[in-house]
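Let's take a walk through this one together, from the smaller chain-level picture down to single residues. Keep the viewer open as you read.

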Amino acid sequence: MSGVLSPAAHTVAVLLDDALVTLNRAFGVLRRRNVPVEGLALHPSGTAGVSRLTFVVKADAATADRVAQQFHKMIGVRSVMVLANEDSTMEAKR
Amino acid sequence: MSEMLSGAEILCRALVDAGVDVIFGYPGGAIMPFYHALPDHPQLRHILVRHEQAAAHAADGYARASGRVGVCVATSGPGATNLVTGLAAAHMDNSPVVAITGQVSRPMIGRDAFQETDIIGITLPITKQNYQVQDVTELADVVAEAMAVAVAGRPGPVLIDVPKDVQNQKVEYRGATTTAGATQVPRAGARGQSPTPGASPGSVEDGVRQAARLIKGADRPLLMVGHGVILAEAYAEVRALAEKTGIPVITTLLGISGFPDGHPLHLGMPGMHGEVHVNRAIQNADVIIGIGLRFDDRVTGNTASFAPQARIIHIDLDRSEIGKNVPVAVGIVGDARDVTRRLVAAVEPRRCERWVEHIRGFVRTRTESYRGDLSPEAILASIYEASHGDCTIVTDVGQHQMWVAKLYPYQRPNTHITSGGLGAMGFAVPAAMGVHLARPNGTVWAISGDGGFQMNMAEMATMVQEGLPVKMAVFNNGYLGMVRQWQQFFHEKRYSCTPIWSPDYVKLAEAYSIPGYRVKDASELADVVGRANAQPGPALVEFLIEQEANVFPMIPPGGSLSEPIEAAPAGAAGD
């Protein structure tokens with residue numbers, strides 16, 4: 001299985017406007033694209049008017065990248081970062 | 001010099017300033033200030049539709065035919081919710097539409113006021129962006145930005161919700177202060193728009209070089225072109241690529257008319273109702289160059305068995321499309337015209353004669369019989385003849401849509417308009433009104449089945465009142481034909497709720513003071529269709545076609561392109 005080579009979980013961090021409509025749209029993307037999400041969190045970013053949305057995608061790198069691309073094209077999103085979760089193979093076995 | 005204007009007047013001014021010349025709409029309580037201001041702006045021609053869904057489809061048709069933003073207007077509540085199907089269709093097919101909705105006054109929002117709906121919430125997943133204007137000072141900028149967002153990059157619909165008290169608010173008017181784009185001053189809810197967002201998988205130059213190398217080494221290459229070619233007007237570039245390399249060309253449903261029918265390299269439409277030789281070509285190809293398409297499931301069938309031998313080069317403006325539906329060997333993010341032009345320069349001239357000959361060997365001929373010899377092919381040929389091959393065809397959804405896609409000999413770019421992604425029945429008649437307004441000197445035929453026509457046939461009144469000379473063709477088989485076909489093939493021929501009664505369309509047309517005709521036999525076609533086509537105003541022609549005709553071949557839903565159904569299953573009558 002590819003899961004052995006590629007971490008089965010990735011953390012995605014999205015910097016975006018903290019306008020309610022932008023956040024609503026962001027959550028909508030996760031829901032409607034059927035993204036396997038865990039551990040959703042919303043924090044202030046340190047910059048006024050900007051929030052940081054982080055979540056864990058229980059999927060391989062290619063899937064996480066496709067999720068990131070959906071955010072990249074959203075108006076109101078400033079940046080998107082994808083990080084492989086090092087211990088995710090362990091998590092996947094749980 | 002500045003002046004005091006109401007929000008409604010600013011809305012009108014901003015639309016005029018953005019170059020809008022026609023809007024489709026329907027008045028109501030929460031949008032009345034806008035309608036009060038409208039007569040003072042004669043540059044904005046307003047088309048009064050009979051249902052807001054038609055306003056959205058008409059704006060979509062206008063946008064697809066003109067390449068400019070189509071604008072529709074509705075009141076709050078039911079007016080706004082009636083736009084939803086039209087906006088979803090525009091979203092699925094990347095059509096730049098701006099919808100303006102009235103909203104209850106700000107102090108009433110959230111109190112379940114009369115005709116209040118959360119249209120922002122409702123349209124979030126079917127718009128590129130939407131705005132609720134909370135302050136009249138933002139209004140001109142929001143309109144300018146919405147118009148820019150709708151056409152920027154991959155086009156799509158944008159909604160602007162304007163509370164009634166904002167429409168009535170007076171403010172000093174200075175025009176839009178920003179022009180939307182990469183350099184604009186960021187405003188909440190509107191940042192981050194750039195034409196090529198996100199990390200690109202390598203540069204365009206690298207991608208083009210790799211693609212040229214793959215093409216050079218390919219034995220059985222194919223070009224598959226979609227709506228992106230029409231949106232980017234990459235006709236000459238795609239043709240140059242095909243002719244320099246001899247690679248045969250497949251046009252998806254929304255790519256039809258992006259490459260001329262009858263060109264020796266044109267194969268036809270792929271997918272669920274693609275001809276056998278087109279799908280066989282895909283299944284045998286070793287390299288596929290996809291330009292401006294998203295490898296939709298109606299194109300690929302089961303993706304696990306799609307083009308099993310092919311390495312795919314995917315050119316798309318939207319980075320998120322690369323690898324979304326099918327694995328891609330080379331992904332190039334960019335405008336179809338720009339990337340194809342570079343690819344033409346990078347590829348070495350070659351021929352694919354043996355491969356084209358091989359594909360020709362896959363061609364199947366079918367013989368089907370039709371009542372009164374009234375075959376779809378004969379009907380479409382009569383429209384082609386009557387219009388001298390110079391008209392825009394707008395289709396609805398279902399069997400007739402597939403017949404038109406497969407059989408109409410499109411020669412001119414962007415003359416085939418249909419609801420592809422959403423597959424919205426009722427699209428053709430209102431969208432054709434928009435097409436006429438975008439191309440007032442051309443002929444427009446709206447082709448529908450008897451089901452889809454009855455969904456929006458009230459728009460005949462709009463055509464009469466507004467002077468829109470749309471020619472309507474109704475393929476009447478007394479069934480919801482495509483659903484009936486599925487019932488015949490996959491549901492034991494149980495025709496549950498698919499027989500559909502129609503009014504007397506000739507009398508109906510007469511009631512709307514439109515000339516109406518009925519064709520029962522192929523021998524009447526040339527005369528009747530010719531007369532309808534020559535009418536100065538709208539006209540309607542009903543074609544009484546074979547009741548249980550089917551669209552062949554057919555790939556069962558979720559099936560492989562290698563396994564088409566080419567005849568009705570045993571025991572199922574009708575063919």
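## A guided walk

Start in chain B, where B:Ile288 has B:Ile312 of β13(B) as its bridge partner. Keep in mind that you're looking at a predicted model. That one bridge belongs to a set of five joining strand β12 (residues 287-291) of chain B to β13(B), with the two strands running parallel. Now look at what else β13(B) pairs with: four bridges link it to β14(B), again in the parallel sense. Along that pairing, B:His314 sits opposite B:Gly331 in β14(B). As for its surroundings, β13(B) is largely enclosed by the rest of the structure, because five of its six residues are buried.

Leave β13 (311-316) and head for β14 (330-333) of chain B, and you'll pass B:Val326 in the loop between the two. Is B:Val326 buried or partly exposed? It has 19 C-beta neighbours inside 10 Å, so it counts as partly exposed; the buried class begins at 20. Setting aside residues up to four places away in sequence, B:Val326 touches B:Phe295, B:Thr300, B:Thr303, B:Phe306 and B:Ile312. You've met B:Ile312 already, as the bridge partner of B:Ile288. For a sense of scale, try B:Val326 against B:Gly451: they are 125 residues apart in sequence and 34 Å apart in space, C-alpha to C-alpha.

Time to zoom out. The domain assignment splits chain B into domain 1 (3-173), domain 2 (204-360) and domain 3 (371-544). Domains 1 and 3 of chain B have their centres 30 Å apart, taken over C-alpha atoms, and 24 residues of domain 1 are in contact with 26 residues of domain 3. On the domain 1 side of that contact, β2 (22-25), β3 (45-48), α3 (52-66) and α5 (84-92) of chain B each supply at least two residues. The largest share comes from α3(B), with eleven residues. Sort the domain 1 side by class and you get 13 nonpolar, seven polar and four charged residues.

Next, the open sheet of six strands in chain B. Its order is β16-β15-β17-β18-β20-β19, with parallel pairing. Which strands are at the edges? They are β16 (416-418) and β19 (516-519) of chain B, each pairing on one side only. On average, neighbouring strands of this sheet are turned by 20° against each other, direction ignored. At the β19(B) edge, four bridges pair that strand in the parallel sense with strand β20 (residues 539-544) of chain B. If you want to find the register, look for B:Arg518, whose bridge partner in β20(B) is B:Glu542.

A few backbone details in chain B deserve a stop. Most residues other than glycine have a negative phi, and most peptide bonds are trans. B:Asn414 has a positive phi of about 55° although it is not a glycine. You'll find B:Asn414 in the loop between α17 (399-407) and β16 of chain B, and with 21 other C-beta atoms within 10 Å it is buried. B:Asp112 also has a positive phi, near 55°, and lies in the loop between β5 (97-103) and α6 (119-123) of chain B. What about the surroundings of B:Asp112: buried or exposed? B:Asp112 counts as exposed, because it has 9 C-beta neighbours inside 10 Å. Then there's the peptide bond from B:Phe552 to B:Pro553, which is cis, with omega near -10°. B:Pro553 is in the segment after β20 of chain B.

Finish with chain A. Four helices and four strands make up its secondary structure, and along the sequence they follow the pattern α-β-α-β-β-α-β-α. Of the 94 residues in chain A, 33% are buried. Among its contacts with a separation of 6 or more, 70% come from residues 24 or more positions apart.

Within chain A, pick out helix α3 (residues 61-72). Its twelve residues reach 16 Å from first C-alpha to last, close to the 16 Å expected at 1.5 Å a residue. The buried residues of α3(A) include A:Ala64, A:Val67, A:Ala68 and A:Phe71, along with A:Asp65 and A:His72. Covering the buried residues of α3(A) are, among others, β1 (10-17), α2 (20-32), β3 (50-57) and β4 (77-84) of chain A.

Key
Residues numbered from 1 in each chain as written. Chains lettered and ligands numbered in written order. Predicted model: local features only at pLDDT ≥ 70, side-chain atom pairs only at ≥ 80, totals over all residues. Pairing = 2+ DSSP bridges. Axes fitted to C-alpha atoms, helices over the stretch in contact; angles between N-to-C directions. Expected span 1.5 Å × (residues − 1). Buried ≥ 20, exposed ≤ 12 C-beta atoms within 10 Å, placed from the backbone. Contact = placed C-beta atoms within 7 Å. Domains from an automatic or database assignment. Nonpolar A, V, L, I, M, F, W, Y, C, P; charged D, E, K, R; others polar.
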